[in-house]
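User: I'm new to this one and would like to go through it piece by piece. Can we take it as a set of short questions?

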Amino acid sequence: MKKIQTGFLVSYDYEKLKKSIPPAYNDSDEIFLAIDHEYRTWTGNQFTIDDSFFSWLEEFDVDKKITIYRDNFYVPELSAIENDNRERQMLSEKMGIGNWLVQIDADEYFINFSDFVKKLRKYDHFLDHPEKNKIQISGFLIHIYKYLDNGFLYVNNATKFMAATNYPNYKCARNTRERVIYVDSFALHETLSRSEEELRFKIANWGHHDEINETFLDKWLSANEHNYGELKDVFYLNPKDWKSLGYFSSKDLNEFKIEIENNQKIKKTDFWLWKKNFGQWFKHLVS
């Protein structure tokens, strides 16, 4: 017990796992890939996975850490977000309560997973009786908004990223709504940065299918390197959660990772983290 168990959900964007698994591989004790046994999304649509992906997986997994977990992850009577919650719950239970249960989506790429694990290990005592001390560990996501000809747009503000928990009782995707401990760790998120066809397919099939606001897609379609500074409130749920965009004049994500590590406007200060963590401790102390 007390392992770093890392889980990934496998669906239509499975190719992105070739970028999300490697950063987490060395510092995970075990890795689990959850795939619906009939290759269905949370809205019941079919997807396919090319055999070449499984060949890549077998070749990449030199330490034999990866387990493919197939199960029935689609229930027609449930909404997309309810199927999302259910699959994450089943995956975490498969990984084993009593361990750190890390879940990373296919389009999320940790900047420094090793450092995140070091921060996680400071809280190992929460694994002794997880049902009595339910917590979540949150890092922060930097969202890649849209790829352009010579670079990409990204969201200027980092948002919380419920990356790990000691006790899975998911209420909304990875959020258990238990006490949160924030750590200064970051991942890049390619949630929207895909072709228009791919994005429309994702919108039709992901957990937030029924929550997309009416202004989001028009803004995304119109965004470019000339007008991005004029576009405000661009999030697909509550628009104000993503207030503005920045432009990076390269498509090299490794270059962008260096930029993020040196960008003091995006990173969280020690005082900010202390204040948020104290607030969470006090809130759940009296609740």
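User: Which residue forms a salt bridge with Asp107?

Analyst: This is a predicted model, so everything here is computed from it. Asp107 sits in the loop between strand 4 and strand 5, while its partner is in helix 5, 95 residues apart. The closest N and O atoms of the pair are 3.0 Å apart, inside the 4 Å limit for a salt bridge. The partner is Lys202.

User: Is Lys202 buried or exposed?

Analyst: The cut-off for buried is under 20% relative accessible area. Lys202 comes in at 5%, and Asp107 at 3%. That makes Asp107 buried, and the answer for Lys202 is buried.

User: Which residues are joined into one network by salt bridges that share partners?

Analyst: Let's start from one pair: Asp105 and Arg174 form a salt bridge, with their closest N and O atoms 3.7 Å apart. Asp105 is in the loop between strand 4 (100-103) and strand 5 (108-110), and Arg174 is in the loop between strand 8 (159-165) and strand 9, so the pair ties together parts 69 residues apart in sequence. Asp105 is buried at 16% relative accessible area, and Arg174 counts as buried at 12%. The network is made of Asp84, Arg88, Asp105, Glu108 and Arg174.

User: How many residues apart are Lys16 and Glu190, the pair that links distant parts of the chain?

Analyst: Their side chains meet in a salt bridge, 3.1 Å from N to O. Lys16 is in the loop between strand 1 (4-10) and helix 1 (17-25), and Glu190 is in the loop between strand 9 (179-189) and helix 5 (196-205). Both residues are buried. Along the chain, they are 174 residues apart.

User: How many salt bridges does a search of the whole structure find?

Analyst: In general, side chains of opposite charge can pair when their charged atoms come close. Lys16 with Glu190 is one such pair here. Searching the whole structure gives a total of 19.

User: How far apart are the end C-alpha atoms of helix 3?

Analyst: Helix 3 covers residues 80-95, which makes 16 residues. At 1.5 Å a residue, the helix should span 22 Å, and the model agrees with that. The end C-alpha atoms are 23 Å apart.

User: How many of the residues of helix 3 are buried?

Analyst: Helix 3 is mostly covered. Its buried residues include Asp84 and Arg88, and both of these belong to the salt-bridge network. The count is 12 of 16.

User: Which helix gives the most to the positive patch?

Analyst: The patch is on the surface, where Lys160, Lys275, Lys276 and Lys283 gather. Lys275 counts as partly exposed at 45% relative accessibility, and this residue lies in the helix you're asking about. That helix gives 3 residues to the patch. It's helix 8 (residues 270-286).

User: What is the area of the nonpolar surface patch?

Analyst: Phe271, Trp274, Phe278, Trp281, Phe282, Leu285 and Val286 make this patch. Val286 lies in helix 8 and counts as exposed, at 55% relative accessibility. The patch area is about 790 Å².

User: How far apart in space are His125 and Lys2?

Analyst: His125 is in the loop between helix 4 (113-121) and strand 6 (135-147), and counts as partly exposed at 48% relative accessibility. In sequence, His125 and Lys2 are 123 residues apart. From C-alpha to C-alpha, the distance in space is 9.4 Å.

Definitions and conventions
Residues numbered from 1 in each chain as written. Predicted model: local features only at pLDDT ≥ 70, side-chain atom pairs only at ≥ 80, totals over all residues. Heavy atoms only, no water. Patch = residues over 30% accessible without salt bridge, like charges linked within 9 Å, V, L, I, M, F, W, Y side chains within 5 Å. Areas by Shrake-Rupley, 256 points an atom, 1.4 Å probe, with all protein chains shown as cover. Lys, Arg positive; Asp, Glu negative; His and termini not counted. Charge placed at Lys NZ, Arg CZ, Asp CG, Glu CD. Helix = DSSP H or I, 4+ residues; strand = E, 2+ residues; numbered from the N terminus. Buried < 20%, exposed > 50% of the residue type's maximum accessible area, 1.4 Å probe, protein only. Expected span 1.5 Å × (residues − 1).
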